[in-house]
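Trainee: Please show me how to read a ligand site.

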Amino acid sequence: MKIKVLFVCLGNICRSPSGEAVFRKLVSDHGLDHEIEVDSAGTIDYHEGNPADARMQEHAVLRGYNLTSISRPVKPKRDGEYFDYIIAMDKQNKKDLLRLLPKEHHQKIFMMNDFSRTNKGESVPDPYYGGSEGFELVLDMLEESCRGLLDAVRKQLS
Ligand code: 4NP
């Protein structure tokens, strides 16, 4: 059985598509594509059907990540049942997931930085209304915390 990981932010056009791409590359680099499935979603449907934000794509591609996912909203019942890890980018995303998902799936909800060594408990800040340093910070945080996430997931595989 594959371990299934869902990254969640507000719009699913900046942070969670980047989390998806960073983690997918890490999984692939470790030869674990057949063991781990990765997806992303947003807590709102405002950007449904749109590709990732152009600024986020530009920053990601400079680090070797292609953001290919198309925005979709969280499907509370289906995603709650299907995924093993549901990973919120910030505290509000986590609050929203706790409100949206059936109680029996709440133990699957984490914060991205729960898996960080250096930023535990912190949100991955929303870069949407800021400048380029915000997009770089998102990628810095994701690259660091996704390594911790992979360690946690791999323990379950063995
Ligand atoms: P994301 O960023 O949640 O990381 O995808 C945002 C995208 C869109 C908006 C806010 C944050 N928005 O207000 O439309």
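Mentor: Start with a polar contact, a pair of N or O atoms within 3.5 Å. Here a polar backbone atom of Gly 11 lies 2.9 Å from an oxygen atom of the ligand. For Leu 10, a polar backbone atom is 3.0 Å from a ligand oxygen, and a backbone N or O atom of Asn 12 is 3.3 Å from one. The protein covers 93% of the 350 Å² of accessible area that the ligand has on its own (Shrake-Rupley method, 1.4 Å probe). This is a predicted model, in which local features need pLDDT of at least 70, side-chain atom pairs need pLDDT 80 or more, and totals for chains, interfaces and linings use all residues. Residues are numbered from 1 along each chain as its sequence is written, and side-chain values use heavy atoms, without hydrogens and water.

Trainee: Which residues surround the ligand?

Mentor: Take residues with a heavy atom within 4 Å. Among them are Cys 9, Ile 13, Cys 14, Arg 15, His 47 and Asp 126. By class, six are nonpolar, three polar and two charged.

Trainee: How is empty space found, and where does the ligand sit?

Mentor: Rolling a probe the size of a water molecule over the atoms shows where empty space is left. The ligand sits in the largest pocket, which has about 180 Å³ of space. Its lining has 13 residues, with Leu 10, Gly 11, His 47, Asp 126 and Tyr 128 nearest the centre. A pocket is an open set of points on a 1 Å grid over the protein atoms alone, with protein on both sides within 12 Å along at least five of seven lines; lining residues have an atom within 4 Å of a point. To sit there, more than half of a molecule's atoms must lie within 2 Å of the grid points.

Terms used. Polar contact = N/O pair within 3.5 Å; in protein donor to acceptor, adjacent residues only side chain to side chain. 1 Å grid on protein atoms, 1.4 Å probe; cavity = no way out; pocket = protein on both sides within 12 Å on 5 of 7 lines; lining within 4 Å. Nonpolar A, V, L, I, M, F, W, Y, C, P; charged D, E, K, R; others polar. Points joined across faces, edges and corners; volume = space filled by probe spheres on them.
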